[in-house]
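Good morning, and thank you for making time for this item on the agenda. I would ask you to keep the structure in view while I go through several of its elements in turn.

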Amino acid sequence: MRLSTFHLATVKEVPADAEIVSHQLMLRAGMIRKLAAGLYTWSPLGLRVLRKVEGIVRDEMNRAGAIEVLMPAVQPRDLWDETGRWEKFGGQLLKIKDRKDAEYCFGPTHEEVITDFARAELHSYKQLPLNFYQIQTKFRDEIRPRFGVMRAREFLMKDSYSFHLSAECLEREYWNMYETYGRIFTRLGLQFRAVQADAGAIGGNVTHEFHVLADSGEDAIAFSDGSDYAANVEKAEALAPTQTRPAAVATLERVATPTQKTIDDVSAFLAVAPEACVKTILVRGFDGLVALCVRGDHEVNEIKAGKLAELAGESTLADETEIVKALGCKPGFIGPVGLPTSIPVIVDRSAAVLADFVCGGNQDGTHYRGANWERDAQITRVADLRKVVDGDLSPDGQGVIRIARGIEVGHVFQLGQKYAEAMKASVVDQGGKSQPMSMGCYGIGVSRIVAAAIEQNFDAAGIIWPEPMAPWRVALCLINPRNDANVAAVADALYAELGARGIEVVLDDRGLRPGGMFADMELIGIPHRVVISERGVAAGTFEYRARRESESRQLSRDEVLALFA
């Protein structure tokens, strides 16, 4: 590729609305251009990178035995009604109507469509197992699209779905996909971690997320420093403390805290540590309000809370009106002492071993000091309610928990028979009986990988692509070719030789000054740069510099070619 005939449009300024590095650099490098909120056009440069990712994903999926299909992006409502997700999926589901007022959605995922396909095509156990995949555009109506393609509304995704007669067969394919994902991210040159996760709206029993490790990651990952245990913070279990609750020695005392509502303010005002306080929140349950209590220095894990038997599948905070009606006080002063017996009190394991603690007084402007469980506040039951923190014991008993940041780029699920039962997708088994198929679901955010890779690989000059993702592997930069015809001739010969060897090379023949030309090549992240100049041609050498290196080297033609053997 010659840049004189290619569309490369870099800019120096950092766009004002670009909050994270990948968004800034993708815009500056001219990889994407914004059409509307969460909608982006991929330029020729950006598309080259996107297709590199897509190619590796497709290659490894084929290698793993999956079969490629392509399903419609627009899906009819009746399929989603069969699974009950037309209403349950929430505001992310973009609903549309055709000219006949028939209802559709722009697919955010394709479980319903592939299950409909399978129930029409698969009839016998002899056809199983099968794994179908596609690489296709999805749309999720994010309430606040941001971070460029990292959290866009329209995105490119690889989603695959496997069908099995037995749970054992499903498990084998699940781990096949797990290993396939590991090969994909390894081939892409990314540092990643697979972690146990929550299934969320997709459903299923066993699930893992794959995260590219980056300081800018939105997700917190809990991992052991003594084993290979790793889980999303939403999923990681917080073990019960090994110590027992001390005996109560303090007298319950109501104290005035006129403006102190937060744990930090209360603990500072009363000169107690946050871990000696109990934080109480009220959430909506099946039969009214439910109190959740955690230690003052901990946070309620909404995913864990949503799975409590008393809650309707999600943890929804009670509003101020509900709290005032139930307790007579405003948020900020809620505590477990003297709560109405109609409100269940679910206490986290760490909070349950506290004695003589500080908590809200259920009266505006007051807190209790010296509160104790059973004596002053009743516990309905103890449960794992909190997010794990750095230094917690690892759930597998080996080492302690450390917290890292990650960007989710892949997710694998064992769905079981959830969709097959809802949509009556069955096959005849060996005994001649009809049996719902077991399903697996496996997704990779193809376009998100591009942004995640940048978040992990950049410097002050721009992007540093892992070689498998780079738009070109080598950039040949011509300096003043008009002054010496030999410069262009030598560059053309090297360009042809590298191309003949299957090396993706770009020739920068735009006639720019060296500073601007080098800045562009660093910004767009080309892994290897070779400079052809009058001085070098006269000396029979080329100036070579790897993108990750700070110094250039003078190499002969044979030495340059040997780099890419």
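The span expected of a helix is taken here as 1.5 Å times one less than its number of residues. With that in hand, and bearing in mind that this is a predicted model, let us turn to helix H13.

Helix H13 covers residues 485-500, which is 16 residues. From its first C-alpha to its last it reaches 23 Å, close to the expected 22 Å. Which residues of H13 are buried? They are Val487, Ala491, Leu494, Tyr495 and Leu498. These residues cover an arc of only 105° around the axis, which puts them on the same side of H13. The face turned away from that buried side carries the exposed residues Ala485 and Ala500. As for the surroundings, the buried residues of H13 pack against four strands and two helices that I shall name individually: strand S26 (474-478), strand S27 (505-508), strand S28 (528-532), strand S29 (542-546), helix H15 (534-539) and helix H16 (557-563). Just after H13, Gly502 takes a positive phi of about 80°.

Helix H7 can be described in similar terms. H7 comprises residues 263-270, and Ile263, Val266, Ser267 and Leu270 are buried in it. Seen down the axis of H7, these buried residues fall within an arc of 95°, so they line one face of the helix. Asp264 and Ala268 are exposed, and they sit on the face turned away from the buried side. What do the buried residues of H7 pack against? The partners are strand S13 (253-256), strand S14 (278-285), strand S17 (357-360) and strand S18 (366-371).

The residue to note just after H7 is Ala271. Ala271 lies in the loop between H7 and S14. Its phi is near 55°, a positive value in a residue other than glycine. Is Ala271 buried or exposed? With a relative accessible area of 69%, Ala271 counts as exposed, because the cut-off for that class is over 50%.

A second residue of this kind is Phe147, which has a positive phi of about 65° although it is not a glycine. Phe147 lies in the loop between S7 and S8. Its relative accessible area is 12%, and Phe147 is therefore buried, the limit being under 20%.

I now come to the sheet that includes S14. Four strands form an open sheet in the order S14-S15-S16-S19, and the pairing is mixed. S14 and strand S19 (381-383) stand at the edges, each with a single partner strand, so one side of each is left without a neighbour in the sheet. From one strand to the next, the twist averages 30°. S14 and strand S15 (residues 288-295) run antiparallel and are joined by eight bridges. Within that pair, Thr280 has Cys293 in S15 as its bridge partner.

Another antiparallel pair is found in strand S1 (residues 32-36) and strand S2 (residues 39-42), over four bridges. Ala36 has Leu39 in S2 as its bridge partner. S1 and S2 form a hairpin with two residues between them, and Gly38 in the turn has a positive phi of about 75°.

Next, please look at His164, in strand S8 (residues 154-164). His164 counts as buried, at 1% relative accessibility. The side chains of His164 and Ser162 are joined by a polar contact of 2.8 Å. Which residues does His164 contact, leaving aside its neighbours within four places in sequence? They are Leu128, Pro129, Cys169, Leu170, Glu173, Met437, Ser438 and Tyr442.

Two of those names recur in a backbone feature: the peptide bond from Leu128 to Pro129 is cis, with omega near 0°. Pro129 lies in the loop between helix H5 (111-121) and strand S7 (130-139).

My last residue is Thr186, in helix H6 (residues 167-187). Thr186 is exposed, with a relative accessible area of 54%. A polar atom of its side chain lies 2.7 Å from the backbone oxygen of Gly182. Thr186 and Leu8 are 178 residues apart along the chain, and their C-alpha atoms are separated by 29 Å.

To close, I would return to the two helices: the buried residues of H13 lie on the same side of that helix, and those of H7 line one face. Thank you for your attention.

Technical notes
Residues are numbered from 1 along each chain as its sequence is written. This is a predicted model: local features need pLDDT of at least 70, side-chain atom pairs count only at pLDDT 80 or more; totals for chains, interfaces and linings use all residues. Side-chain values use heavy atoms; hydrogens and water are left out. Buried means under 20% relative accessible area, exposed over 50%, partly exposed in between (1.4 Å probe, protein chains only). The arc is that of the directions from the helix axis to the C-beta atoms. Contact means heavy atoms within 4.5 Å. A polar contact is a pair of N or O atoms within 3.5 Å; within protein, one must be able to donate a hydrogen and the other to accept it, and residues adjacent in sequence count only if both atoms are side-chain atoms. Two strands pair if DSSP finds at least two bridges between them. Axes are lines fitted to C-alpha atoms, for helices over the stretch in contact, and angles run from 0 to 180 degrees between N-to-C directions.
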